[in-house]
Amino acid sequence: MDILSTAYKLTPIERSVLSILKNHTLNELTSKTKRSKTEVMRALQWLANKRLITLKKTTTEQIILG
């Protein structure tokens, strides 16, 4: 697939997320793009489906004593 044709097919949400993607968490991407968490997650899934990025999911468990 040609890079230029792929770039033209990106949605505005995908472009905004892709431009600041490097080493950011979902919460950081949400605040920097000023988009909702759902929109950012969809954009990430679309970019992964187009094989432009690979997603890495990590889960942490926090215990907060009150």
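**Contacts of K37.** I looked up what K37 touches in this predicted model, and, leaving aside its neighbours within four places in sequence, I found K37 in contact with L26, N27 and T30. K37 itself is found in helix α4, and I noted that K37 counts as partly exposed, at 43% relative accessibility. With N27 there is also a polar contact between the side chains, at 3.4 Å. I then took a position further along the chain, T58, which is 21 residues from K37, and read a separation of 16 Å between the C-alpha atoms of the two.

**Helix α3.** N27 led me to α3, where I asked which residues are buried and which are exposed. I found L29, T30 and T33 buried; seen down the axis of α3, these buried residues fall within an arc of 100°, so they line one face of the helix. On the other side of α3, I found N27, S31 and K32 exposed. I entered T30, a contact of K37, as one of the buried residues of α3, while N27, which K37 also contacts, is on the exposed side. When I checked what covers the buried residues of α3, the list included α2 and α4. Just after α3, I noted that K34 takes a positive phi of about 60°.

**Helix α2.** I went next to α2, which runs over residues 12-19, and there I recorded I13, E14 and V17 as buried. Looking down the axis of α2, I saw its buried residues fall within an arc of 95°, so they line one face of this helix too. As a reminder to myself, an α-helix has 3.6 residues a turn, so residues three or four places apart point the same way. P12 and S19, on the other side of α2, are exposed. The buried residues of α2 pack against α3, residues 26-33, and against α4, residues 37-49.

**The salt bridge.** How many salt bridges does a search of the whole structure find? I counted one, and it is the pair of K50 and E14, whose closest N and O atoms are 3.1 Å apart. K50 lies in the segment after α4 and E14 in helix α2, so the pair ties together parts that are 36 residues apart in sequence. I also compared how far each partner is open to the surroundings: E14 is buried, with a relative accessible area of 1%, whereas K50 counts as partly exposed, at 34% relative accessibility.

Technical notes: Residues are numbered from 1 along each chain as its sequence is written. This is a predicted model: local features need pLDDT of at least 70, side-chain atom pairs count only at pLDDT 80 or more; totals for chains, interfaces and linings use all residues. Side-chain values use heavy atoms; hydrogens and water are left out. Buried means under 20% relative accessible area, exposed over 50%, partly exposed in between (1.4 Å probe, protein chains only). Helices (H or I, at least four residues) and strands (E, at least two) are DSSP runs, numbered from the N terminus. The arc is that of the directions from the helix axis to the C-beta atoms. Contact means heavy atoms within 4.5 Å. A salt bridge is a side-chain nitrogen of Lys or Arg within 4 Å of a carboxyl oxygen of Asp or Glu. A polar contact is a pair of N or O atoms within 3.5 Å; within protein, one must be able to donate a hydrogen and the other to accept it, and residues adjacent in sequence count only if both atoms are side-chain atoms.
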